[in-house]
Amino acid sequence: MTRLAARTTVLLTTVALVGTGVALLAGCSATPGGTDAGAGTDAGTGTSATAHATAGALGAGFSDPTQPPAPEATIHPEPGSWSGVHAPDDYDVVLLSDAGDADDAPTRTLLDAVASWAADEDVTVTRVSATDADDRIAAVTRAIDERPDLVISVGNQMVDPLAAVSPTALHQQFLVVGAEIAEPTSNVTAADWTGGGFRGEGLGPSSHYDPSTFTEERADRALRAGLAAVLHDLRGIVVWVR
């Protein structure tokens, strides 16, 4: 058995063990905060009925409103078309990462971008970090257990664990910044660019990986564009920024 096959087997076995607990969580609370779907919330999306009203509007060129993107599609929004969108009042975010990536320059840039965005938008952010490789699946589950409006995942190390767990937690919305899930379910949106695009071990990037492209400005742009897509129900897609 190859190293990749062994790793995949471990991931699938582990997610099978945690899947039951996550499914029970989804059954008990289909929305963040433990409220029942249908009571002011879009069932299965974790979006409050007032989210769009307080989030602002997408600008021209973000996407074609007459032709919504298909699942797993890639959109190329015009620069600045997301600038009118902001986090709704009382928006709650979990920032998911691997502690071992703390000194990785691209991941550090993404972490700083989330912190800066949260300060600008007055968003509550809870950090959840995997302590090591064996803790990554559990870290995704811990993030879900926080019942946030959104889990933002940064760092290549969390891509495979997120891909393994997210299909069992369709009630929870995820935004991956600077990387992608190869076959995302409707609750996983990615914000990426040329030079990012890691899609998981053994799959290769969707573009040539270039750590130098992880600049503060680009990370902020991708984060805000991705959030705009999530808040306006353009989910399960890749938002490709310039």
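Select Arg 142 to begin: in this predicted model its relative accessibility is 33%, so Arg 142 counts as partly exposed. Now add Asp 135, which forms a salt bridge with Arg 142, the closest N and O atoms lying 2.9 Å apart. Asp 135 itself is buried, since its relative accessible area of 12% falls under the 20% cut-off.

This pair is one entry in a longer list, as a search of the whole structure finds 9 salt bridges. For another, move to helix α3 (105-121) and select Asp 112 together with Arg 108, whose closest N and O atoms are 3.2 Å apart in a salt bridge. The two residues stand 4 apart in helix α3, which means that about one helical turn separates them. Asp 112 is partly exposed at a relative accessible area of 40%, and Arg 108 is likewise partly exposed, with a value of 33%.

Continue along the helix to Asp 120 and display Arg 224 with it; here the salt bridge has its closest N and O atoms 3.4 Å apart. This pair links distant parts of the chain, with Asp 120 in helix α3 and Arg 224 in helix α6, 104 residues apart. Asp 120 is exposed, having a relative accessible area of 56%, whereas Arg 224, at 18%, counts as buried. Adding Glu 121 and Asp 220 to the selection completes a network of salt bridges that also contains Asp 120 and Arg 224.

From the charged residues, turn to the largest nonpolar core, which has 37 residues; Phe 62, Tyr 91, Trp 117, Leu 150, Ile 152, Leu 175 and Val 177 are the ones that touch the most other members. Colour by element, and β4, α3, β6, β7 and α6 can each be seen to supply at least two residues of this core, with the largest share, 9 residues, coming from α6. Centre the view on Phe 62, and its contacts beyond four places in sequence include Ile 75, Trp 82, Ala 225, Ala 229 and Val 239. A second, separate core of 24 residues can be selected next, with Val 159, Val 165, Ala 179 and Trp 240 among its members.

The last stop is Thr 189, in strand β8 (residues 188-192). Is Thr 189 buried or exposed? Its relative accessibility is 0%, and Thr 189 therefore counts as buried. A polar atom of the Thr 189 side chain lies 3.2 Å from the backbone nitrogen of Gly 236. With the contacts of Thr 189 displayed, leaving aside residues up to four places away in sequence, one finds Phe 174, Leu 175, Val 176, Val 230 and Ile 237 among them.

Note on methods: Residues are numbered from 1 along each chain as its sequence is written. This is a predicted model: local features need pLDDT of at least 70, side-chain atom pairs count only at pLDDT 80 or more; totals for chains, interfaces and linings use all residues. Side-chain values use heavy atoms; hydrogens and water are left out. A nonpolar core is a set of buried Ala, Val, Leu, Ile, Met, Phe, Trp, Tyr and Cys residues joined through side-chain atoms within 4.5 Å. Buried means under 20% relative accessible area, exposed over 50%, partly exposed in between (1.4 Å probe, protein chains only). Contact means heavy atoms within 4.5 Å. A polar contact is a pair of N or O atoms within 3.5 Å; within protein, one must be able to donate a hydrogen and the other to accept it, and residues adjacent in sequence count only if both atoms are side-chain atoms. A salt bridge is a side-chain nitrogen of Lys or Arg within 4 Å of a carboxyl oxygen of Asp or Glu.
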